[in-house]
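Visitor: I've got a chain on my screen and a few things to ask about how it packs. Could you walk me through it?

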Amino acid sequence: MAFPAKYPQMNATELTDEARSVLIRVIRVAFPHPSFPDAPYERTADTILREAENSTWFRVALTQGLLTLGHLAGGDFRDLNDEDGTKVLRRIETTEFFGFIRRTTVLNLYDNEDVWEILGYEGPSFDKGGYIDRGFNDLDWLPEARIESYDGPEQLIEIATNASVAKIRGGENTPTIERDTSNQPGKRDATMMEMTK
């Protein structure tokens with residue numbers, strides 16, 4: 001038995017073409033890439049809608065979330081500019097609705113060869129023998145590495161000539177050992193002793 005919600009629009013769990021269009025706009029505002037064409041965003045929205053169709057909980061969360069966006073936008077979320085759209089999304093960023101969109105988008109928007117090409121990612125390399133034999137330094141968007149030679153002294157300079165040294169007394173049959181207790185790098189005594197009462 002289904003119980004009607006207080007507001008009739010809350011009973012609607014059908015995801016329409018309008019819902020798809022709003023969802024595409026949400027993804028584009030949440031993950032802005034001016035160089036991306038519409039296709040990656042549309043594919044991601046379709047993936048979210050398919051996931052929602054398989055789960056009543058996510059379908060209801062998605063439907064209610066899209067209705068909430070319209071309310072917070074004061075009309076149609078698609079009509080907001082990017083800055084105002086971001087402000088609206090920040091208000092709902094902790095909701096299950098937005099978490100579902102964010103998780104699904106991160107896993108799907110960037111998992112596409114068209115997107116890889118735009119971002120300059122060559123894709124996985126395990127099927128091509130790895131990166132090491134394929135030009136490890138072929139990134140053209142990084143500056144050239146600055147390599148400088150060290151012109152300092154050849155030997156280390158002792159900086160703590162009067163560091164305290166603790167004397168550890170041994171038992172009857174154990175010799176006294178001097179141990180460096182300074183916090184300076186250098187040789188440390190690693191001799192272990194048997195402790196007796």
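Visitor: Is Pro40 buried or exposed?
Guide: Pro40 sits in helix 2, where helices are DSSP runs of H or I with at least four residues and strands are runs of E with at least two, numbered from the N terminus. The scale here is relative accessible area: buried is under 20%, exposed over 50%, partly exposed in between, using a 1.4 Å probe and protein chains only. Pro40 comes out at 4% relative accessibility, so it counts as buried.

Visitor: Before we go on, what kind of model is this?
Guide: Residues are numbered from 1 along each chain as its sequence is written, and side-chain values use heavy atoms, leaving out hydrogens and water. Local features need pLDDT of at least 70 and side-chain atom pairs pLDDT 80 or more, while totals for chains, interfaces and linings use all residues, since the model is predicted.

Visitor: Which residues does Pro40 touch, beyond those up to four places away in sequence?
Guide: Contact here means heavy atoms within 4.5 Å. Pro40 and Tyr110 are 70 residues apart in sequence, yet their C-alphas are 8.3 Å apart. As for the touching partners of Pro40, they are Leu109 and Val115.

Visitor: In what order do the elements of the chain run?
Guide: The chain has six helices and two strands. From the N terminus on, they run α-α-α-α-α-α-β-β.

Visitor: Which helix gives the most to the largest nonpolar core?
Guide: A nonpolar core is a set of buried Ala, Val, Leu, Ile, Met, Phe, Trp, Tyr and Cys residues joined through side-chain atoms within 4.5 Å. The largest one has 30 residues, and Leu62, Leu69 and Phe77 touch the most other members. Helix 1 (17–30), helix 2 (38–53), helix 3 (56–73), helix 4 (82–91) and helix 5 (96–108) each supply at least two residues. With seven residues, the top contributor is helix 1.

Visitor: Which residues does Val26 touch, not counting those up to four places away in sequence?
Guide: Val26 belongs to helix 1, and at 0% relative accessibility it counts as buried. Its partners outside that sequence window are Leu69, Phe77, Leu89 and Ile101.

Visitor: How do helix 1 and helix 2 lie to each other?
Guide: They pack at about 120 degrees with axes 9 Å apart; axes are lines fitted to C-alpha atoms, for helices over the stretch in contact, and angles run from 0 to 180 degrees between N-to-C directions. Under 35 degrees counts as roughly parallel, over 145 as roughly antiparallel, 65 to 115 as roughly perpendicular and the rest as oblique. Helix 1 and helix 2 are therefore oblique.

Visitor: And how many charged residues are in the contact of helix 1 with helix 2?
Guide: Among the helix 1 residues in this contact are Arg20 and Arg28, and helix 2 brings Asp38, Glu42 and Asp46, among others. Asp, Glu, Lys and Arg count as charged; Ala, Val, Leu, Ile, Met, Phe, Trp, Tyr, Cys and Pro as nonpolar; the others, Gly among them, as polar. The contact has seven nonpolar residues and one polar, and the charged ones number five.

Visitor: How does helix 1 lie to helix 5?
Guide: Those two pack at about 70 degrees, with axes 11 Å apart. That makes helix 1, relative to helix 5, roughly perpendicular.
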